[in-house]
Amino acid sequence: MAALTRQFFKPQYSSMFIRSLSTNTSTVSLIQSTGDPKGDSRSFQWVFLGCPGVGKGTYASRLSDLLGVPHIATGDLVRDELSSSGLLSRQLDEVVNQGKLVSDEIIFNLLSKRLEAGESRGESGFILDGFPRTIRQAEILDDVTEIDLVVNLKLREDVLIEKCLGRRICSECGKGFNVASIDAKAENGLPGMRMPPLLPPPQCASKLITRADDTEPVVKERLRVYKEKSEPVEDYYQSEGN
């Protein structure tokens, strides 16, 4: 626990600065926070890595409360945008329901808006969940801010699939639950694993819904894309010493 509560003393981030980067097809804008003349300390800036369904959101949200920094999940930002009725929502719907990665341009746009909104509320620091997902995203993030720690969560693939298929969301309060009762046997060098379901309270039990992208073909495609595009990010941060 001591490791989780230690303080970092690096430049405080407050005012917002837009940095544009050219790609092969478009210009990506990311919001960078710059130094605060009032002080030289700031809150934690952490990244959570791991396959879809591994539990990034669960642990990041708990640490968010413990450390007093916002938990920013790019998946939630995308789903919030999907619930709107704009043109971007229709574009995202096709990408997400096929298990593909959302483009850098869209992710940076959504993340920038979230950081701007948080800064206006006086937020400091963050735990990023689901970002960066590619080497390029990691390099851009390193260009505009400092990451203190990267937490990499692992889980065997068959359990991941079962866990994803068991996910449920309360349509009223928005909290997540899991109806899967997992009892995976040790085999092929993989450890055995038991995970009881995370059941909802009575007031949520009749309001559970399944995410549109939590189907077996989509989950398997997301895992394939993660291995191809996102696993190299683990090596990137390992080499950076984070």
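Which residue of β5 does W46 stand opposite? I kept that question in mind while going through this predicted model, and here are my notes, in the order I would walk a colleague through them.

1. **Overall make-up.** The chain's secondary structure amounts to nine helices and eleven strands. Of its 242 residues, 42% count as buried. Taking contacts between residues at least 6 apart in sequence, 69% join residues at least 24 apart. The chain exposes about 13100 Å², and carbon and sulfur atoms supply 51% of that area.

2. **Strand β3 and its partners.** To answer the opening question, W46 stands opposite I127 in β5. The strands β3 and β5 run parallel and are joined by four bridges. A second parallel pairing, also over four bridges, links β3 with strand β6, residues 149-152. In that pairing, F48 stands opposite V151 of β6.

3. **Both faces of β3 are covered.** Strand β3 spans residues 45-49, and five of its five residues are buried. In a regular strand, side chains alternate between the two faces of the sheet. Here Q45, V47 and L49 point one way, while W46 and F48 point the other way. Both sets are buried, so I would look at this strand from either side when you have the model open.4. **The nonpolar core.** The largest nonpolar core has 46 residues. I127, L128 and Y237 are the residues with the most contacts inside this core. Helix α9, residues 216-240, gives the most to the core, with six residues. I127 is also the residue of β5 that W46 stands opposite, which ties the core to the strand pairing in point 2.

5. **What surrounds L128.** Leaving out residues up to four places away in sequence, L128 touches W46, V47, F48, I72, L111 and L141. Three of these, W46, V47 and F48, are buried residues of β3.

6. **A cis proline.** The peptide bond between F131 and P132 is cis, with omega about 0 degrees. P132 lies in the loop that runs between β5 (126-129) and α6 (135-144).

7. **Helix α3.** Which residues of this helix are buried? In α3, residues 74-82, they are T74, L77, V78 and E81. Seen down the helix axis, these buried residues fall within an arc of 95 degrees, so they line one face of α3.

8. **N178, a buried polar residue.** N178 belongs to strand β8, residues 176-178. Its relative accessible area is 11%, and N178 counts as buried because that value is under 20%. The side chain of N178 reaches the backbone oxygen of K163 at 2.8 Å. Apart from neighbours within four places in sequence, N178 is in contact with K163, G166, R167, P197, L198 and L199.

9. **N188, a positive phi.** Is N188 buried or exposed? N188 is exposed: its relative accessible area is 77%. Phi of N188 is near 50 degrees, a positive value in a residue other than glycine. N188 is found in the loop between β9 (182-184) and β10 (193-195).

Note on methods. Residues are numbered from 1 along each chain as its sequence is written. This is a predicted model: local features need pLDDT of at least 70, side-chain atom pairs count only at pLDDT 80 or more; totals for chains, interfaces and linings use all residues. Side-chain values use heavy atoms; hydrogens and water are left out. A nonpolar core is a set of buried Ala, Val, Leu, Ile, Met, Phe, Trp, Tyr and Cys residues joined through side-chain atoms within 4.5 Å. Buried means under 20% relative accessible area, exposed over 50%, partly exposed in between (1.4 Å probe, protein chains only). Helices (H or I, at least four residues) and strands (E, at least two) are DSSP runs, numbered from the N terminus. Contact means heavy atoms within 4.5 Å. Accessible areas come from the Shrake-Rupley method with a 1.4 Å probe; for residues, only the protein chains shown count as cover. The arc is that of the directions from the helix axis to the C-beta atoms. A polar contact is a pair of N or O atoms within 3.5 Å; within protein, one must be able to donate a hydrogen and the other to accept it, and residues adjacent in sequence count only if both atoms are side-chain atoms. Two strands pair if DSSP finds at least two bridges between them.
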